[in-house]
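Q: Please take a close look at a single part of this model. Start with that part, then work outward to whatever surrounds it.

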Amino acid sequence: MKGLEPLPTVDRGSVVPGSDMQWQRVVWPVVVFVAGIVLWDLVVRIGEIPPYLLPGPVLVFQTLIADWSVLSESLGVTLLTALEGFIAAAIGGIALALLFNQSKWLEYSLLPYAIVLQVTPVIAIAPLMLIYLPQQTAVVVCAWIVAFFPVLANTTLGLNSVDRNLAGLFQLYRASRWQVLRYLQLPAALPFILGGLRIAGGLSLIGAVAAEIAAGAAGAGSGLAYRISESSYRLNIPRMFAALLLLSVAGIVIYMLLALVSHGLLRRWHESALRKEK
Amino acid sequence: MVEPALSSNDAPTAVRLRGVTKVYDNGTVALGPLDLDIRKGEFVSLLGSSGCGKSTALRLIAGLIAPSAGTLDVAARSSGHAIGFVFQEPTLMPWSTIRENVRLPLKLAHMPDAQSTARVDEVLAQVGLADFAGAYPRELSGGMKMRASLARALVTEPDILLMDEPFAALDEITRFRLNNDLLALWRELGKTVIFVTHSVFESVYLSQRVVVMTSRPGRVSAECHIESSEPRDDAFRTSMAYAGYCRDVSQALMTASDAAFNETKARA
């Protein structure tokens, strides 16, 4: 082709990282954390609160180190349960959303039951699961029940949020249903799916812990939730706090890992992963 | 200068609409009855106020929606040839590079990438985006995105190019530049172009024929043949002839609008 005017060069690397803002995202949470620890320590020291009511942060840290072998083993068990529940939720939620998208009949038939599972508290379902299923399976199923609905709901929303004109374009070029799904719906739904997975990551841990507590009450289990229950019965409150601390850190790590995956997949094109231009 | 619709011509008909109406599910009568003939290789603009059914007419021609009544004969569709469509927005897939966006119609036609790459690169060069093939849509300006959209519409070498107010959101300078580029492409490729716009000036500058439509439901109110020496350029845009055509088309548009207003008033 001749005759078209040359285009001005666009600096594709013009997105400037907000470097001076980046440190604030790290520093401020750390400042709040340190202030919270100091305040906690002061409250315990000044109020002379006994450790079986509220242990100070130093004692909790010491307990964490002293009981590390027990707690880390339990953490491994809980994380494995959460991971299995998460994988089941991711596969089940995405697969069900795809089926719903391909068949309205299926969506109308099954969605109400998915909602029933979502709104029923897992702590109420867990004892039933423990009756009907082997203990480890029951715990994983509970983690799955809690985690799968956000994946299902987000994926369904994403698959239905396709740009109308792009859908028209695929229609114009007589794209097959599979091509529409592969080249249009799934990429368009990806940010929604990843958002659902980020929620599901935390929820699978919550589901695993809730089920472990139910299982622990039934007299078995070695996950972190079981250690919390056990410590509660023995009034070993510092270990209880240490276990809670581990759970919180595990939850944060899960969230950050999933956020990292999400960022890696979306960083080239999606607004949520793009740095603000200065 | 202003003539009734359906002027005859010897060139083969690319698009023929007879008594076409479109009533949407909510009861809105968007179009018709619309009678329109468009000849092969012709550049025709559909001009009318917002909501008059111009885009609906374009979508009907593309086969994206079905008419409620009437007959619609699009030679390209019945012969299995491709139709290119450029939307008001660039409508690019943000997750794909410009090259992959342009390749999409060929990919949907199951053409292997190894085969389609040469064609994609050729059409990217045609619209001046050869250096931006690996960029993502967000990295391009509005005008460049529209060029990418145009490249995607042209990649299948369609018989008909349908354009739905493609430059409406662009600034004046970019719009002028793209108008010239579009005319250059049309002269070179000889496609039938149906261009929807609400800009009198744009329609006169680009088209061989301007079809003025009434307010909703859209019908053909008048046609204006634009006769000027080719290639059109900025000299034409500043000529007395251009100003005269713009005046005539504006007048036809006002007449169409007044007629629709009076009709609505009489009905009320």
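**Strand β8 of chain B and its surroundings**

A: Strand β8 (residues 192-197) of chain B is largely enclosed by the rest of the structure, because six of its six residues are buried. The model is a predicted one. "Buried" here needs 20 or more other C-beta atoms within 10 Å of a residue's own.

Take the two faces of the strand in turn. On one side sit B:T192, B:I194 and B:V196, and these are buried. On the other side sit B:V193, B:F195 and B:T197, which are buried too. Both faces of β8(B) are therefore covered, in keeping with the count of six buried residues out of six.

Next, the pairing. β8(B) pairs with strand β4 (residues 43-47) of chain B. The two run in the parallel sense, over five bridges. In this pair, B:L46 stands opposite B:V196 of β8(B). β8(B) is also joined to strand β7 (residues 160-164) of chain B. That pair is parallel as well, with five bridges. Here B:L162 stands opposite B:I194 of β8(B). B:I194 and B:V196 lie on one side of the strand.

Now the connection. From β7(B) the chain passes through helix α6 (residues 172-189) of chain B and reaches β8(B). This β-α-β crossover is right-handed.

The loop between β7 and α6 of chain B holds B:A168. B:A168 has 14 C-beta neighbours inside 10 Å, so it counts as partly exposed. The residues of β8(B), by contrast, are buried. B:A168 and B:I65 are 103 residues apart along the chain. Their C-alpha atoms are separated by 23 Å.

Step back to the domains. Chain B is divided into domain 1 (13-81 + 159-219 + 231-238) and domain 2 (89-158). β8(B), at residues 192-197, falls in the 159-219 segment of domain 1. The centres of the two domains, taken over C-alpha atoms, are 22 Å apart. Their contact takes 13 residues from domain 1 of chain B and six residues from domain 2 of chain B. On the domain 1 side, β7 and α6 of chain B each supply at least two residues. α6(B) gives the most to that side, with three residues. By class, the domain 1 side has nine nonpolar, two polar and two charged residues. So the strand and helix that lead into β8(B) in the crossover also serve the contact between the domains.

Other elements of chain B add to the picture. Helix α1 (residues 54-62) is mostly covered, with nine of its nine residues buried. Among them are B:K54, B:R59, B:L58 and B:I61. After α1(B) comes B:G63, whose phi is positive, near 85 degrees.

Antiparallel pairing also occurs in chain B. Strand β2 (residues 13-23) and strand β3 (residues 29-39) pair in the antiparallel sense over seven bridges. The bridge partner of B:V15 in β3(B) is B:I38. β2(B) and β3(B) form a hairpin with five residues between them. In the turn, B:G27 has a positive phi of about 95 degrees. β2(B) has a further partner, strand β5 (residues 69-74) of chain B. This pairing is antiparallel, over five bridges. In β5(B), B:A69 is the bridge partner of B:T21.

Last, the other chain. Chain A has 10 helices and zero strands. Of its 278 residues, 36% count as buried. Among the contacts in chain A with a separation of 6 or more, 77% come from residues 24 or more positions apart.

The contact between the chains takes 22 residues from chain A and 27 residues from chain B. On the chain A side, the elements that give two or more residues are α7 (164-172) and α8 (177-217). α7(A) provides the largest share of that side, seven residues. By class, the chain A side has 13 nonpolar, five polar and four charged residues.

Back to the start: β8(B) is covered on both faces. β4(B) pairs with it in the parallel sense, and β7(B) runs parallel to it too.

Definitions and conventions
Residues are numbered from 1 along each chain as its sequence is written. Chains are lettered from A and ligands numbered from 1 in the order in which they are written. This is a predicted model: local features need pLDDT of at least 70, side-chain atom pairs count only at pLDDT 80 or more; totals for chains, interfaces and linings use all residues. A residue is buried if 20 or more other C-beta atoms lie within 10 Å of its own, exposed if 12 or fewer, and partly exposed in between; C-beta atoms are placed from the backbone. Helices (H or I, at least four residues) and strands (E, at least two) are DSSP runs, numbered from the N terminus. Two residues are in contact if their C-beta atoms, placed from the backbone, lie within 7 Å. Ala, Val, Leu, Ile, Met, Phe, Trp, Tyr, Cys and Pro count as nonpolar, Asp, Glu, Lys and Arg as charged, and the others, Gly among them, as polar. Two strands pair if DSSP finds at least two bridges between them. A crossover is right-handed if, with the strands pointing away from the viewer, the path from the first strand over the helix to the second runs clockwise. Domain bounds come from an automatic or database domain assignment.
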